[in-house]
Amino acid sequence: MNRSIRLIKACILSIAAATLPISVSAAPIIGEVAPNFQLADTNGKSVSLSELQGKTVVLEWTNHKCPYVVKHYGSDNMQALQREAAEDDVVWVTIISSAEGKQGYVSAEKANQLSEDRNASPSHILLDTSGEIGKSYEAKTTPHMYVINTEGKLVFKGGIDDKPTTRKSDIEGAKNYVRAALSDLKAGNDVATSTSRPYGCSIKYKS
């Protein structure tokens, strides 16, 4: 009888364990390998983070209607960073995680047109409408920035700078953490500031 009860209990525990939610990816941790992703960009080219190993990579979450994003694009601040990154062979991936029907959602054609209109030059634009990539990185705001080194390890995550406002005038004199991180990597140094508080509009994920 006791053996039968133990078997029944074991079966119940096994069933309960099988119904528990399973995390599809670990939270992004500074100094550890960044969560991988694979998605076609707005030009139909497959982009896989694992295949970019050997390159420094910047991830930028964006929403063109967010006033914080407007601050950095309307002042040419984000575009200047993109140009500097391209000169150093850094891969810049702009990610739009706005779900269909929510603020910031765009088609591939619209995303490309926005880049052209703003003279932006990311290496790739990804439409993460499911929110899978954004949630795997725990991206919360637009802009939310990440820097990944040539070994595929996350070395920076957070806000773009230390001026969490929508005022373009605050860009001058701000400490740009992304620029500083890329400079540290280029010099062969550890990134001095590896995290900063993200600021901006909340990402409009799929409900």
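**Reading a Predicted Structure: A Dialogue**

Mentor: Let us start with one residue: K153 has a relative accessibility of 31% and therefore counts as partly exposed. Please keep in mind that this is a predicted model.

Trainee: What does K153 form with E151?

Mentor: Side chains of opposite charge can pair when their charged atoms come close. Here, K153 forms a salt bridge with E151, and the closest N and O atoms are 3.8 Å apart. The partner, E151, is partly exposed, with a relative accessible area of 47%.

Trainee: How many salt bridges does the structure hold?

Mentor: There are 6 salt bridges in the structure. One of them joins K55 and D89, whose closest N and O atoms are 2.5 Å apart. This pair links distant parts of the chain, since its residues are 34 apart. K55 belongs to the loop between β2 and β3, whereas D89 belongs to the loop between α3 and β4.

Trainee: Are K55 and D89 buried, or are they exposed, or partly exposed?

Mentor: K55 is partly exposed, with a relative accessible area of 32%. D89 is also partly exposed, at 48% relative accessibility. Consider next the salt bridge of R167 with D170, in which the closest N and O atoms are 2.9 Å apart. R167 is partly exposed, at 48%, but D170 has a relative accessibility of 15% and so counts as buried. The reasoning is that a residue counts as buried when its relative accessible area is under 20%.

Trainee: Which residue in a loop has a positive phi although it is not a glycine?

Mentor: D89, which we have just met in a salt bridge, has a positive phi of about 65°. N119 is another residue other than glycine with a positive phi, near 55°. N119 lies in the loop between α4 and β5, and its relative accessible area of 57% makes N119 exposed.

Trainee: Where is the cis peptide bond?

Mentor: A cis peptide bond joins T142 and P143, with omega at about 0°. P143 is found in the loop between β6 and β7.

Trainee: I should now like to turn to helices. At what angle do the axes of α3 and α6 cross?

Mentor: Two packed helices are described by the angle between their axes and the distance between the axes. The axes of α3 and α6 come within 11 Å and cross at roughly 10°. Angles under 35 degrees count as roughly parallel, so α3 is roughly parallel to α6. On the α3 side the contact is made by A80, L81, E84 and A85, and on the α6 side by V178, R179 and L182. These contact residues divide into 5 nonpolar, no polar and 2 charged.

Trainee: What does N176 touch?

Mentor: Leaving aside residues up to four places away in sequence, N176 touches N77, L81, I160 and D161. N176 lies in the loop between β8 and α6 and counts as buried, at 10% relative accessibility. N176 and N77 illustrate how sequence and space may be read together: they are 99 residues apart in sequence, while their C-alpha atoms are 9.9 Å apart.

Trainee: Where is S115 placed, and is S115 buried or exposed?

Mentor: S115 is located in helix α4, which covers residues 108-117. With a relative accessible area of 11%, S115 is buried. S115 touches A120, P122 and I125, again not counting residues up to four places away in sequence.

Trainee: How many aromatic pairs are there?

Mentor: A pair of aromatic rings is described by the distance of the centres and the angle of the planes. The count here is 6 aromatic pairs. In one of them, F37 and Y137, the ring centres are 6.3 Å apart and the planes stand at 65°, so the pair is edge-to-face. F37 lies in the loop between α1 and β1, and Y137 in the loop between α5 and β6, so the pair ties together parts that are 100 residues apart in sequence. Y137 also forms an edge-to-face pair with Y146, at 5.4 Å centre to centre and 75° between the planes.

Trainee: Are these residues buried or exposed?

Mentor: Both F37 and Y137 are buried. Y146 likewise counts as buried, at 1% relative accessibility. Finally, ring pairs link F37, W61, Y137 and Y146 into a cluster.

Conventions:
Residues are numbered from 1 along each chain as its sequence is written. This is a predicted model: local features need pLDDT of at least 70, side-chain atom pairs count only at pLDDT 80 or more; totals for chains, interfaces and linings use all residues. Side-chain values use heavy atoms; hydrogens and water are left out. Helices (H or I, at least four residues) and strands (E, at least two) are DSSP runs, numbered from the N terminus. Buried means under 20% relative accessible area, exposed over 50%, partly exposed in between (1.4 Å probe, protein chains only). Contact means heavy atoms within 4.5 Å. A salt bridge is a side-chain nitrogen of Lys or Arg within 4 Å of a carboxyl oxygen of Asp or Glu. Axes are lines fitted to C-alpha atoms, for helices over the stretch in contact, and angles run from 0 to 180 degrees between N-to-C directions. Angles under 35 degrees count as roughly parallel, over 145 as roughly antiparallel, 65 to 115 as roughly perpendicular and the rest as oblique. Ala, Val, Leu, Ile, Met, Phe, Trp, Tyr, Cys and Pro count as nonpolar, Asp, Glu, Lys and Arg as charged, and the others, Gly among them, as polar. Rings of Phe, Tyr and Trp (its six-membered ring) pair if their centres lie within 6.5 Å; planes under 30 degrees apart count as stacked, over 60 as edge-to-face and the rest as tilted.
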